[in-house]
Amino acid sequence: MYKRVLLFGDSQTERGSGTNGWVSTLANKYCRYIDITNRGLSGYNTKWAAQYFNKIVPNYTGYYFDMAVVLFGSNDAVKPGQAQHVSPSEYERNLTMIVCNLVNMGILSRNILVLTPPTVEETMLAESYPDSRRNDDMEKYAHIALDVARSRNCVSGDLFELFQLQKGKKLFTDGLHLSEAGNAIVAEVVDKFIGERVGSEPPCPDWKTLN
C-alpha cells in the first residue's frame, strides 16, 4: 500500500509544488512509493492554520496519513502591527496545537517532521516586502519550532541554520520565497525524513518481473 504524506505549511510549501520546487522534486522521486498531499496555504500563519485545521486537512473515515511535514513561521514572524504577525508565545501554542491535531489523527509523533522557517535575504526583502521581516526575529521563531518538536517527540529540521550556512541571494526569488537552490535545501531535508520511513521496494513490482 502506498504511504500517505501530508505537507502542511504556508507559501514555502504551496510554492513547493511549482517547477523545481521541493514538493515537486519529492513527488517525482517517490511517485511509486507514496502519495503526497500538499496543504500549503500562501499567507497563512499558525493562528489561521490551527483555526481552520479541520477544513484544511482531510480527516475522512478510513482516510489517514502515515507522515506529516509542518513548515510555518515565515508569516508569523512579520513585524508587530502587520496582519500576519503572531507573537512568539502564541506561535508556540499554535504550533503545538497543530502537532497535537496531527497526532490525534493517528500520525505517530516520530513520523512528524517540524521544519523551522528559513532565513530571509534582507537586501532583496527591502525591495519586495519592505519593513516586514528580519533574520533576528526569524531566528526566534526557528528556535521555538525546534523546542516544540523536541517537547512533542517529533523530528525536527533546522532550515534556518542550513540557510545561514549557504546564505546569499541565490537561495531566494524575492528575499522571502525560495529559488531552485533554496528549494533544493528543503528537499534534501525532507527526502532524508521520508527515505528513512519508506521501504526500498515500491508497493507494486516492476513490470519486467510480471508474467
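**Figure 1. Salt bridge between arginine 134 and aspartate 137 in the predicted model.** Aspartate 137 has a relative accessibility of 17% and therefore counts as buried. Its salt-bridge partner is arginine 134, with 3.9 Å between the closest N and O atoms. Arginine 134 counts as partly exposed, at 33% relative accessibility.

**Figure 2. Salt bridge between glutamate 196 and arginine 197.** The side chains of these two residues meet with an N to O distance of 3.5 Å. Glutamate 196 counts as exposed, its relative accessibility being 51%. Arginine 197, in contrast, counts as buried, at 18%. Elsewhere, Arg134, Asp136, Asp137 and Lys140 are joined into one network by salt bridges that share partners.

**Figure 3. Salt bridge between helices α9 and α2.** The structure holds nine salt bridges. One of them brings together the side chains of aspartate 191 and lysine 29, at 2.7 Å from N to O. Aspartate 191 belongs to helix α9 (residues 180–195) and lysine 29 to helix α2 (residues 22–29), so this salt bridge ties together parts that are 162 residues apart in sequence. Lysine 29 has a relative accessibility of 45% and counts as partly exposed.

**Figure 4. Cysteines 100 and 204, shown with the closest cysteine to each.** The count of disulfides is zero. For cysteine 100, the closest cysteine sulfur is that of cysteine 154; the distance of 8.5 Å is too far for a bond. A disulfide requires the two sulfur atoms to lie within 2.5 Å. Cysteine 100 is partly exposed, with a relative accessible area of 22%. Cysteine 204 is likewise in no disulfide, and the nearest cysteine sulfur, in cysteine 31, is 11 Å away. The relative accessible area of cysteine 204 is 37%, which means that this residue is partly exposed.

**Figure 5. Surroundings of valine 148 in helix α7.** Helix α7 spans residues 135–151 and contains valine 148. With a relative accessible area of 1%, valine 148 is buried. Leaving aside residues up to four places away in sequence, valine 148 touches Glu92, Leu95, Thr96 and Val99. Tyrosine 91 is 57 residues from valine 148 along the chain, and the C-alpha atoms of the two are separated by 10.0 Å.

**Figure 6. Strand β3 and the burial of its residues.** Strand β3 covers residues 67–71, and five of its five residues are buried, so the strand is largely enclosed by the rest of the structure. Met67, Val69 and Leu71 point one way from β3, while Ala68 and Val70 point the other way. The residues on both faces are buried.

**Figure 7. Parallel pairing of strand β3 with strands β1 and β4.** Strand β1 (residues 3–9) runs parallel to β3 and is joined to β3 by five bridges. In this pairing, glycine 9 stands opposite leucine 71 of β3. Strand β4 (residues 112–115) also pairs with β3 in the parallel sense, over four bridges. Here alanine 68 stands opposite isoleucine 112 of β4.

**Figure 8. The β-α-β unit formed by β3, α5 and β4.** Helix α5 comprises residues 88–104 and, together with strands β3 and β4, makes a right-handed β-α-β unit. The two strands of the unit pair with each other in the parallel sense.

Key
Residues are numbered from 1 along each chain as its sequence is written. This is a predicted model: local features need pLDDT of at least 70, side-chain atom pairs count only at pLDDT 80 or more; totals for chains, interfaces and linings use all residues. Side-chain values use heavy atoms; hydrogens and water are left out. A salt bridge is a side-chain nitrogen of Lys or Arg within 4 Å of a carboxyl oxygen of Asp or Glu. Buried means under 20% relative accessible area, exposed over 50%, partly exposed in between (1.4 Å probe, protein chains only). Contact means heavy atoms within 4.5 Å. Two strands pair if DSSP finds at least two bridges between them. A crossover is right-handed if, with the strands pointing away from the viewer, the path from the first strand over the helix to the second runs clockwise.
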